[in-house]
Each structure stands twice: as C-alpha cells, then as structure tokens.
Amino acid sequence: MGARRPHRVRHRPRHVIRRPGSHLLRSPRRGPGPRPAGARDDRLVRPPRGGRPAIDPAREAAYEAVAAVHRDDAYANLVLPKLLRDTGVTGRDAAFATELTYGTLRQTGTLDAIVAVAADRAVERIDPPVRDALRIGAYQLLNMRVGAHAAVATTVDLVRSLAPGAAGFANAVLRRVAESDRNEWLSRLAPADPFERAALNHAHPQWIVRAFTDALGSLDEAELALDADNLAPPVHLCARPGLLDPAAFAATLRGATVGRYSPFTVVLTGGGDPGGIPAIRDGRAHVQDEGSQLVAAALAAAPLDGGSGGGRDERWLDLCAGPGGKAGLLGALARTRDAHVTAVEVAHHRAELVAKATEGLPVYTIHADGRDVGKDTDLPEGGFDRVLVDAPCTGLGALRRRPEARWRRQPSDLPPLTRLQRELLQAAFRAVRPGGVVAYVTCSPHQAETEVSVTEAARRSPVDVDLLDARPFLPASLPDLGTGPTVQLWPHRHGTDAMFLALLRRAG
Ligand SMILES: C[S@@+](CC[C@H](N)C(=O)[O-])C[C@H]1O[C@@H](n2cnc3c(N)ncnc32)[C@H](O)[C@@H]1O
C-alpha cells in the first residue's frame, strides 16, 4: 500500500516529534474478578516472628497500594504491579491483591460510611494508615468471600504493624462491621434522598450520580451505568486497519474474540500482558477501548463537501493526541487512503508517547498548543480536511478503568476543563477547511463537557458549522444510539467506555 509521505514539520526546539526509537504503548493491566463465592482464604498471616505479626504479602501489597493512592496521589494501576513484582506476589495471590486494591478504591465512599458508623466517628478523625487498613478489612468482610475471622485477624495484625496502639480499636470496629452483611448495612444507612442512596449503594460521589442521570434521563438507568463502573473491564485491542486482520489476530490469542461492533476490535478475555503480544510490539495493533475506536473511525467515515478544499481528503489533524491511541488508528486509516495525520499534544512527555505509538504510520507529532491554530505555521487556518478534538475532560466515562478516579475528581474540575474544551473546539473550526469535518469527542458523559461544550463552541465559532447526525457513521449494529445528532456510548449499553461524539461540518 503506497503510503504517501507526510508533509514535513518545521524543526523548532519545542517540536519533539519525529520518530524516536521504538517504544511500546502499554496499557494498565486490569484486575481479575472477585474471588469465587465460598472460596477459602489461604492467605492468613504467617505465624508471628519475634513477637511482631508478619502480614501476608498479598494483603500488604494491597495496603501499600491503597495507602500510596491516598497519601501520594499515586495511580493504583501503576503502583500495584510494581509492588507485586517487588514482593514476588504472583498467581492467585496477585489476583487477590488486585481485587482487594481495586475493589477497596472503588468502594471507598461506601466503606467509609460503614466504618464511620462502626467506629462511631467520622473517618477523617481516624489516622490515615489505620483508616486505609480498616477500608481494606471492611472490603474483605463486605465485598469478598473472606471469612470474618481471617479478615479481622489479618487487618488487626496489619494495624498493629502500622500503629500498635490502634490494634484494639481496629479489632472493635471490624467486629462491628462484621455483624451485618453489605445489604444489611446499606439498608440500615439508606438515605431518604434517592441520589444520595444511589451514591451509597453504587459507591460513587453524588455529583457523578446526578451527571449520569442527567445524561441518561433516568436514575434507574444511571444505576446500571454506576454498577458497570464497578466491574473490571476487558482489555480491548485495535488491529490496525491495513496492517492486521482482527479475526486472524484473535485466533492467535488465548480466549480472544473479535469486538462486538468495531471492525478493528479484538477483546482479550484470557488475561496476560498485552505488551507482550508481538503485533503490539511491532505496531500492527494497540490497546484501545472499543468506544474510542468507534468514534475515531466515525471521523474517517463522515463524507466531506468539496467546498474550497476541492474534494481534497488528505490532511487530517488530531488536536489533542496524547498518548496516541486515536492517532494510531487514524494514522493506520490514513495510510490506507493516502492521507496523513498531524498529531498535536501540549504535554512534552505525552507528545513523545504519541510519536512512539504512531511509529511507521504517516503521522507527524507536534509538541504545541492546539489552540494556536492560525498562529503556528504547522497549524494553518483552513488547512485540514478532517480534525479530531479528543478533548481533555473529567474522564467520568472511563471510571471502570481507574478505580480511584471517581473520588479524586471534583465538580470544581469542570469550569477550567469546559473552557479549554470550547477553546480547542473553536480552534478546530478554524483549522478545518470549508466542507471539512470536525469530530468532538470526550470520554465523559457529563453534559457540561458534551452537549454544552459543543453548543457553546459552535455559538462562538468564527466560521459557520453544521452539526451532522453522527449515528450513520457508526456500525449499524450498535444499539441504543438515541435520537441523535450526537452519540453517547455507555459501558452498560455497549460494553465500551462512555465516549461522546459530535460531528460538525464547516459550511462550504
Ligand atoms: C483525552 S486526552 C487525548 C487522548 C488521545 N486522543 C488518545 O486517544 O490517546 C487529551 C489530551 O489533550 C492534551 N491537551 C490538553 N490541552 C491541550 C492543548 N491546549 N493543546 C493540545 N493538547 C492538549 C492532554 O495533555 C491530553 O494528552
């Protein structure tokens, strides 16, 4: 396939680009499912040596990971694998530690509400290390099939090793927690307000419950979306079009299947490290949620008007490219169509990731601010046929992948993000040529970041833009796309992250 040589990007010190050595785009490993019902816990503490309790390594790793998330703002999916490696925890023990860590982080708000009653004090008044240990103990009691004796004894030993004076307190709190199961606790605590109740039952902050309800139109369905966030998602791979056949690729991977909707998706069900897969190492595939693949492919599928572009369809722009997932798919599609992609990323290290992720594809990465369209000679006004704005957002649509994120995000994150989203989308309107198409994408279903950002940016656009019905540019088999013209995907409906897509065409 004759890939056209991309235009050269002017060399300036702030431009990182240009194909550094081959590096892999790696994705976080996902955790395994919960321990099977009735499974025996064989990870009891080892006998004390020298009078001090020895904590079993799996629980210790889980505690360290949860503590690092709360103490150091660490990310569980980065910190836990390292802890497991360092402590030599593997196999079933690693699966136990992963479920304990991810589950405790997802359920933090609900566990805290229960621990607060059992401790008869606000959790903020419990020392942070003891508080994290109690969360881990309570998760084992309420959400895993760990026997009460094992959960309490191991947690008390953990607390004794962290804060010897608090062991008695931890013992009393956990014994009280163990007196009821999760459902009994939830009905005992049940707030009268339905949003507060849903927040407690599904372990999300209330503002996120309300945001999902606004986007879905009903609290009942929002509860399904909240539940979906509490399940570990499967790993999706993108078999890059023109480089790899998904069915043949899936056949080489244990337990893999082709995706439900995207023609490029392969779903990994057998676990394992995707980074070790040869097709990923050599750039014929990458890790990417199926929803992300669908929205990127929709941009490539939407028809252009001739306009002043005279029917040209060769200059594509990804205005927010890091770490390069969509640039990888767009680059592969561009390669099959003699087009090329300019990939813009404002964060230097993320621009380097984009360059690595798109190695071998007709993609040039620019370390620049996407809002500089018209000011930066590499981002000329009207210079592009297709433009993607995969905007920085709260990420509320991908909470299932980031166990701690729901508690870290705040409503106060919205104003600066929505301002940036609208500025980037306006820059995209300037960058696209008359008759060309812009895709605005977020991995958030929050309406301030989706519909409102699109409406506001279009209202203030210096050029005329028309909102297209995005639904025809997604696979016909994709259900529940609503009445358009924008599309909102959901984990509970589509098995994808909650990606939002709006397609807009600049008037010719
Ligand atoms: C949602 S992520 C993009 C994900 C990417 N498209 C992918 O599929 O891998 C948004 C990205 O926009 C970048 N960004 C934020 N502000 C920007 C700006 N003003 N110009 C360009 N990129 C920006 C962020 O650093 C982040 O990497």
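User: Which residues are closest to the ligand?
Analyst: Keep in mind that this is a predicted model. The ligand has 20 residues around it. Helix H15 (325-336), strand S8 (340-345) and helix H18 (414-431) are the elements that give two or more residues to that shell. The closest residues are Cys-320, Gly-322, Gly-325, Gly-370 and Asp-390.

User: And by class, how many charged residues does the shell around the ligand have?
Analyst: Split by class, nine residues of the shell are nonpolar and five are polar. That leaves the charged class, and its count is six.

User: Where is Pro-323, and is its peptide bond from Gly-322 cis or trans?
Analyst: Most peptide bonds are trans, so an omega value is worth a look. Here omega is near 5° for the bond from Gly-322 to Pro-323. Pro-323 sits in the loop between strand S7 (315-318) and H15. The bond from Gly-322 to Pro-323 is cis.

User: Which residue does a cis peptide bond join to Gly-484?
Analyst: Look in the loop between strand S12 (465-468) and strand S13 (487-488), where Pro-485 lies. Omega is about -5° for this bond, and the partner of Gly-484 is Pro-485.

User: How do H14 and H15 pack, oblique or roughly perpendicular?
Analyst: Two packed helices are described by the angle between their axes and the distance between the axes. For helix H14 (residues 290-301) and H15, the axes come within 10 Å and cross at roughly 40°. The crossing is right-handed. Roughly perpendicular needs 65 to 115 degrees, and H14 and H15 are therefore oblique.

User: Which residues of H15 make that contact with H14?
Analyst: On the H14 side you've got Ser-292, Gln-293, Ala-296, Ala-297 and Ala-300. By class, the contact of H14 with H15 comes to six nonpolar, three polar and one charged residues. From H15, the contact is made by Gly-325, Lys-326, Leu-329, Leu-330 and Leu-333.

User: What about H4 and H7: roughly perpendicular or roughly parallel?
Analyst: Helix H4 (residues 108-119) and helix H7 (residues 167-177) have axes that come within 8 Å and cross at roughly 115°. The crossing of H4 and H7 is right-handed. Since the class runs from 65 to 115 degrees, H4 is roughly perpendicular to H7.

User: Which residues of H7 does H4 meet?
Analyst: H4 brings Ile-114, Val-115, Ala-118 and Ala-119. By class, this contact of H4 with H7 has six nonpolar, no polar and one charged residues. The residues met in H7 are Val-173, Arg-176 and Val-177.

User: At what angle do H1 and H5 pack?
Analyst: The axes of H1 and helix H5 (residues 128-143) are 10 Å apart. That packing makes H1 oblique to H5, with a right-handed crossing. The angle is about 130°.

User: How many charged residues does the contact of H1 with H5 have?
Analyst: H1 contributes residues including Tyr-63, His-70 and Arg-71, while H5 contributes residues including Asp-132 and Arg-135. By class, there are eight nonpolar residues and one polar residue, and the charged count is three.

User: What is phi of Asp-73, and where does Asp-73 sit?
Analyst: Most residues other than glycine have a negative phi. Asp-73 has its place in the loop between helix H1 (57-72) and helix H2 (76-87). Its phi is positive, near 60°.

User: What distance separates the centres of domain 1 and domain 4?
Analyst: The domain assignment puts domain 1 at 51-189 and domain 4 at 290-506. Taken over C-alpha atoms, their centres are separated by 40 Å.

Methods
Residues are numbered from 1 along each chain as its sequence is written. This is a predicted model: local features need pLDDT of at least 70, side-chain atom pairs count only at pLDDT 80 or more; totals for chains, interfaces and linings use all residues. Axes are lines fitted to C-alpha atoms, for helices over the stretch in contact, and angles run from 0 to 180 degrees between N-to-C directions. Helices (H or I, at least four residues) and strands (E, at least two) are DSSP runs, numbered from the N terminus. Angles under 35 degrees count as roughly parallel, over 145 as roughly antiparallel, 65 to 115 as roughly perpendicular and the rest as oblique. A crossing is left-handed if the near helix is turned anticlockwise from the far one by less than a right angle, and right-handed if clockwise. Two residues are in contact if their C-beta atoms, placed from the backbone, lie within 7 Å. Ala, Val, Leu, Ile, Met, Phe, Trp, Tyr, Cys and Pro count as nonpolar, Asp, Glu, Lys and Arg as charged, and the others, Gly among them, as polar. Domain bounds come from an automatic or database domain assignment. A residue is near a molecule or strand if its C-beta atom, placed from the backbone, lies within 6 Å of it.
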